[in-house]
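Me: I've got a structure open and I'd like to talk a few spots through. Can you take my questions one at a time?

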Amino acid sequence: MVGAQDKVRRWWWWCSSVNVAVVLVFLVVVNGAVLCNGGITSSFTRRVEKAMGLPLDSDVFRVPPGYNAPQQVHITQGDHEGKAVIVSWVTMDVSGSSRVIYWSENSVHKHMAKGKVTTYKFYNYTSGHIHHCNLKHLEYNTKYYYELGIGHTTRTFWFKTPPEVGPDVPYVFGLIGDLGQSYDSNKTLTHYELGPTKGETVLFMGDLSYADTYPNQDNRRWDTWGRFVERSTAYQPWIWTAGNHELHYAPEIGETEPFKPFTHRYQTPYKASNSSSPFWYSIKRASAYIIVLSSYSAYGKLTPQSRWLETELPKVNRSETPWLIVLVHSPWYNSYNYHYMEGETMRVMFEPLFVQYKVDVVFAGHVHAYERSERVSNIAYNIVNGICTPVSDQSAPVYITIGDGGNIEGLATNMTEPQPKYSAFREASFGHALFEIKNRTHAYYNWHRNQDGYAVQADSLWFFNRFWYPIDDSTSAKS
């Protein structure tokens, strides 16, 4: 079996090599950059101004018309394979119906699923009625419509299920982190929606509403955020990562249950991957295997998260899902002076596993700027040898920080100097990115800053899969 798999891998390597000369022409696109000791620090200049929060009466926060109309609608994957969708929404007046009516695009037969409803209190705030309903046994690659509400206040939305899991299934992921609800947040979401290449699922790197930055951690800002992003979250799955702004740990106002608003409002399919917590889990989607980790849950040796990851990585079948992607909130490789080395202890714990199992890319948020690393590792150190410098490692992931969604706290503009060698490209701008999987060997990654036209790519890179085509795809190799 192993010998046959090696033959297939060599055959794919040869096929990909035929076109590598053509591919290399398009490998890196960088706008307005300057070289330094490390990689590239963008010379793009923008107006230095404080991020401005959207007012409560902003049109993007508008409540849908009708008594008890469903609002804050969002969906996420509901199983491990991609054949289920969790639909969530809020009714503000009364509980109403928790059922979802749904049907496929070309069918007259309608199905009904019944969900559950919950509420919570936070300081002087009481939530609306939060509904969650898992639509199961869906068909792959099918457009479904779904209807929420009862009587004269029903609302209808749609989504498309992913293609069946397989090694050469093309798929486009959107990448957004640290979004918040500012004017810049609105620009980021609009940029993502109107770009010429359409993302099919958003991988979200944590820090959703930033409600905790308002007086008494005003949970009304969870409601406004849910209405703000509904224009995307109701129509395509957002895969959730929990960030520090989801903690809402505030003993000074009597709130000591971490993640209370997040866990009531946002579901994850964690049980499908044998996780004991909604903060770390995995899913398969098209040709990707996605692992979500929690920077703000225990991850030391023998903790539930660590034990889960150690058993999860060996399960990944790269002949079925060749692209191994990890989401985490706090970055491990960061050359900004903001949140510098906050991810270091998690890196020390988990980086050897990422190299061993050849993770393709790690996406993080937290730092409110953009940065892409080379393929590096720093796993040789022990307490006596002093070897603690990151080195080039083609078995290691590329680390991408994309905490540039537009939140109220503004941009991180203070960078470490000189730029470290592991840093390939960095820029303090708001934006989003796309990860476009082509087949088992190639994926095209591109980052878009908000100030540019929708089609403009401020940074891009062709990724070569670490399992099927592990040749050097670093920026330095193309320069």
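Me: Which residues of H4 are buried?
Reply: This is a predicted model, and in it H4 is mostly covered, with twelve of its 14 residues buried. Buried here means under 20% relative accessible area. The ones that qualify are Arg-221, Trp-222, Asp-223, Thr-224, Trp-225, Gly-226, Arg-227, Phe-228, Val-229, Glu-230, Ser-232 and Thr-233.

Me: How far apart are the end C-alpha atoms of H4, and what span should its residues give?
Reply: H4 covers residues 220–233, and at 1.5 Å a residue its 14 residues should span 20 Å. The computed distance agrees with that, as the end C-alpha atoms are 19 Å apart.

Me: Where is the kink in H4 centred?
Reply: The helix has a kink of about 30°. Its centre is a residue that also appears among the buried ones of H4. That residue is Arg-227.

Me: Is Asp-473 buried or exposed, and which side chains does it contact?
Reply: Asp-473 sits in the loop between strand S27 (459–464) and helix H8 (475–478). Its relative accessibility is 0%, so it counts as buried. Its side chain makes a polar contact of 3.4 Å with the side chain of Arg-466. Another polar contact, at 2.8 Å, goes to the side chain of Arg-375.

Me: Which strands stand at the edges of the open sheet, and why is one side of each left without a neighbour?
Reply: Four strands make up this open sheet, in the order S4-S5-S11-S8, with antiparallel pairing. The edge strands each have a single partner strand, so one side has no neighbour in the sheet; they are S4 (71–77) and S8 (116–118).

Me: What stands opposite Thr-118?
Reply: S8 pairs with S11 (residues 129–135) in the antiparallel sense, over three bridges. Across from Thr-118, in S11, is Ile-130.

Me: What is the omega of the cis bond at Pro-418?
Reply: Most peptide bonds are trans. Pro-418, in the loop between strand S23 (398–402) and strand S24 (423–427), is joined to Glu-417 by a cis one. Omega there is about -5°.

Me: What is the phi of His-137, and is the residue buried or exposed?
Reply: Most residues other than glycine have a negative phi. His-137, in the loop between S11 and strand S12 (143–148), has a positive phi, near 55°. Exposed means over 50%, and at 73% relative accessibility His-137 counts as exposed.

Terms used: Residues numbered from 1 in each chain as written. Predicted model: local features only at pLDDT ≥ 70, side-chain atom pairs only at ≥ 80, totals over all residues. Heavy atoms only, no water. Pairing = 2+ DSSP bridges. Helix = DSSP H or I, 4+ residues; strand = E, 2+ residues; numbered from the N terminus. Buried < 20%, exposed > 50% of the residue type's maximum accessible area, 1.4 Å probe, protein only. Polar contact = N/O pair within 3.5 Å; in protein donor to acceptor, adjacent residues only side chain to side chain. Expected span 1.5 Å × (residues − 1). Bend = angle between axes of the 7 residues up to and from the residue.
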